[in-house]
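Here are a few exercises to work through with the model open beside you. Try each task before reading its solution.

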Amino acid sequence: MTPRKLKNGVMGFLVAASAVLLITVLVVIVWHIFISGVKYLNWDFFTKTPTPMGESGGGVFNSIVGTFLITLVAAAIGTPFGMFAGIYVSEHRGQRFADIVRLCADALQGVPSIVIGIFGYTFLVVRFRSYSALSASIALAFMFVPTTTRVTEEVLNLVPSGLKEAAFALGARRSSVAWNVSIKTAAAGITSGLLTSMARIAGETAPLLFTAFGSRYVEWNMLRPMSALPLQIYVNASSPYPALQQQAWSAAFVLVLLILLLQYGAKHLIARVLRVKA
Amino acid sequence: MVAQPSRSDRREAARERAFTAASLVAAVTLVATIVLFLVQLFITSRTSRAAFGLPFLWHSEWNPVTEKFGALPMIVGTLVTGFGALLISTPFALGIAIFLADYAGRKVAEPVKYLISLLGGLPSVIFGLWGLFVLVPIIGKFEVWFGKLVGSKALVASGTTGVGLLAAIVLLAIMILPFSASLILEALLVVPTELKEGALALGATKWDTIQNVELPYVRRSTVGALVLALGRALGETMAVTMVIGNGMKMPTSLFDPANTLASAIANQFLEATSPIYIGSLIQLALILFVIAIIINVLARVILRRGIQQ
């Protein structure tokens, strides 16, 4: 066997081994969340609020409500900004300012979540003199907008230029081409992007620490402190009580399910878009 | 005679203006956000800057009791965990990307890719939960074993905890792996087949082709991907916060409890009551923000050039 062939074999083995190792680690982590999460699930977990520190029983209904409210409001605030910025970048492709906007969206995507949390605190909580779910939603919107912008732009760029040119040839204005042709063609793709962005922010903890702050009660008022699943996982995991730690695993399991559901919806929509195109 | 514009014409013109304005406003908002962050963090950290000035960056004492604050322990913690994680995960990321691009058939590659994207989408706090209850005890045992091996009584004695720099590095390495692996894979998949086939036709082995044709082709994209992964590791908050141990002192070994810029803020911000403590933590956020922006812009520039070539 020549050295070259030997090296070929050895490197092939190493490459496969690294893949096997990663897959093992991934499966171990996912499996652990699944097993530990399911073990402590019960009906109370979904319907009750947390018991006082150290007592067993109770649930995370308040956090489930909080996660839904905070995420939905963040998406509602962020969607128009993200979509229109995406439209701008796509419509002005190749222009200098559009390039800057795209670069800013990319840079914002890389801003650490804790920095967004601190910003939310100094900019909103200090100003309103109170922790509130709304300030958490606004903080999360800062993460939601750049991802939505990029996805919207990418999906709009896929719209065949022939379609748009046909509309222009019929005398349509820019706005009605963008609205009636581009956006309608790309609607499923954009919705899919919105779901992906929601899946991303639903699991965020750091932006909520100093904004939503957490609450032991079921709270529907966005102007008051509110709990959320990621926040609850963090608080419970850091507590010394085994009952609360077990609840953290169940909350983690439910959160993962929620995120998977959103991602599945996104994937399903994208698959439909691709099928229509093909 | 000039034709009077019809009502629907006017309505459409108004809609045109509103549409253009809305997209311009959204685009400007995005750019303004970055400036707003910078200004806001700069203004609200003024107490700390007034007290410590520029030496804040290299002062190694962080003491909430005497209210003397220097960011060096956190900067060191951030760099050690970030580069440590990158060092560990890069060979694996390359290995997996090459495996998926060149070795695995569709039936293997598709589920593995799904698993990787699944892991990439897991929230940071869940990695933290797993790290705290599964990884940290393992690191603790390793710490005792290692202490006995090198004959260090201190390690054996403290070795029941496991929280510290090493736990954070290992956890971060796992967390950034899916990210860098999928970016490298994306680059490998666009290497032209003719190039690969050309090399194979000349009698090159599979690995010869990978080493001399594919890897040089994706070098720039790979560097860009790794810079992006580094940026993620440096700013990663919750998972690190849960396993690094909130140590205030300058770490002297990999087993020491420490803090990164992000974890110091997450661990201490709610306890901070004095204006100078709060200001110092906000200044840590400012440093982190500037680092993150620089790294991300750098990575995009590298990646864009990579595409142009």
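## Exercise 1: the fold of chain A

Task: in chain A, what share of the contacts between residues at least 6 apart in sequence joins residues at least 24 apart? Then describe the chain's make-up and extent.

Solution. Start with the contacts: in chain A of this predicted model, 73% of those between residues at least 6 apart in sequence link residues at least 24 apart. Next, run through the secondary structure. You should count 11 helices and 0 strands, so the order from the N terminus reads α-α-α-α-α-α-α-α-α-α-α. Now the extent: along the principal axes, the C-alpha atoms take up a box of roughly 70 × 70 × 35 Å. Finally, burial: chain A has 278 residues, and 50% of them count as buried.

## Exercise 2: how confident is the prediction?

Task: which helix of chain A has the lowest confidence, and which the highest?

Solution. Take the whole chain to begin with: chain A has an average pLDDT of 90, and 97% of its residues score at least 70. Then go element by element. Confidence bottoms out in α11(A), residues 242-277, with a mean of 86. The top goes to α9(A), residues 206-209, at 96.

## Exercise 3: a helix with a kink

Task: take helix α3 of chain A, residues 61-91. Where is its kink, and is the helix mostly covered or mostly uncovered?

Solution. First get the length: α3(A) has 31 residues and spans 44 Å from first C-alpha to last, close to the 45 Å expected at 1.5 Å a residue. Second, follow the axis. It kinks by about 40° at Gly78(A), shortly before the proline Pro80(A). Third, check burial: 22 of the 31 residues of α3(A) are buried, so the helix is mostly covered.

## Exercise 4: reading the annotations

Task: line up the UniProt features with the model. Which spans of chain A are annotated as "transmembrane region", and what do some of these spans look like?

Solution. The unreviewed UniProt entry puts "transmembrane region" at residues 12-34, 60-88, 100-124 and 248-266 of chain A. Residues 60-88 of chain A are 97% helix and 0% strand, with end C-alpha atoms 41 Å apart. For residues 100-124 of chain A, the figures are 88% helix, 0% strand and 27 Å.

The unreviewed entry also lists "domain: ABC transmembrane type-1" at residues 64-266 of chain A. That span is 79% helix and 0% strand, and its end C-alpha atoms sit 21 Å apart.

Now chain B. Among the stretches that UniProt (unreviewed entry) gives there as "transmembrane region" are 112-139 and 276-303. Residues 112-139 of chain B are 89% helix, with 27 Å between the end C-alpha atoms. Residues 276-303 of chain B are 100% helix, with 40 Å between the ends.

## Exercise 5: where the chains meet

Task: how many residues of chain B are in contact with chain A?

Solution. Count both sides: 67 residues of chain B touch 71 residues of chain A. On the chain B side, helix α1(B), residues 7-44, gives the most, with 19 residues. Sort that side by type and you get 46 nonpolar, 15 polar and 6 charged residues.

## Exercise 6: one glycine

Task: why does Gly198(B) count as partly exposed?

Solution. Locate it first: Gly198(B) is in helix α8(B), residues 193-201. Then count neighbours. Gly198(B) has 13 other C-beta atoms within 10 Å. Exposed needs 12 or fewer and buried 20 or more, so this residue falls in between. As a last step, gauge a distance: Gly198(B) and Pro73(B) are 125 residues apart in sequence and 52 Å apart in space, C-alpha to C-alpha.

Conventions. Residues are numbered from 1 along each chain as its sequence is written. Chains are lettered from A and ligands numbered from 1 in the order in which they are written. This is a predicted model: local features need pLDDT of at least 70, side-chain atom pairs count only at pLDDT 80 or more; totals for chains, interfaces and linings use all residues. Helices (H or I, at least four residues) and strands (E, at least two) are DSSP runs, numbered from the N terminus. The expected span of a helix is 1.5 Å times one less than its number of residues. The bend at a residue is the angle between axes fitted to the seven residues ending there and the seven starting there. pLDDT is the predictor's confidence in each residue, from 0 to 100. Two residues are in contact if their C-beta atoms, placed from the backbone, lie within 7 Å. Ala, Val, Leu, Ile, Met, Phe, Trp, Tyr, Cys and Pro count as nonpolar, Asp, Glu, Lys and Arg as charged, and the others, Gly among them, as polar. UniProt positions are given in the numbering used here, feature names are shortened, and annotations may be inferred rather than shown by experiment.
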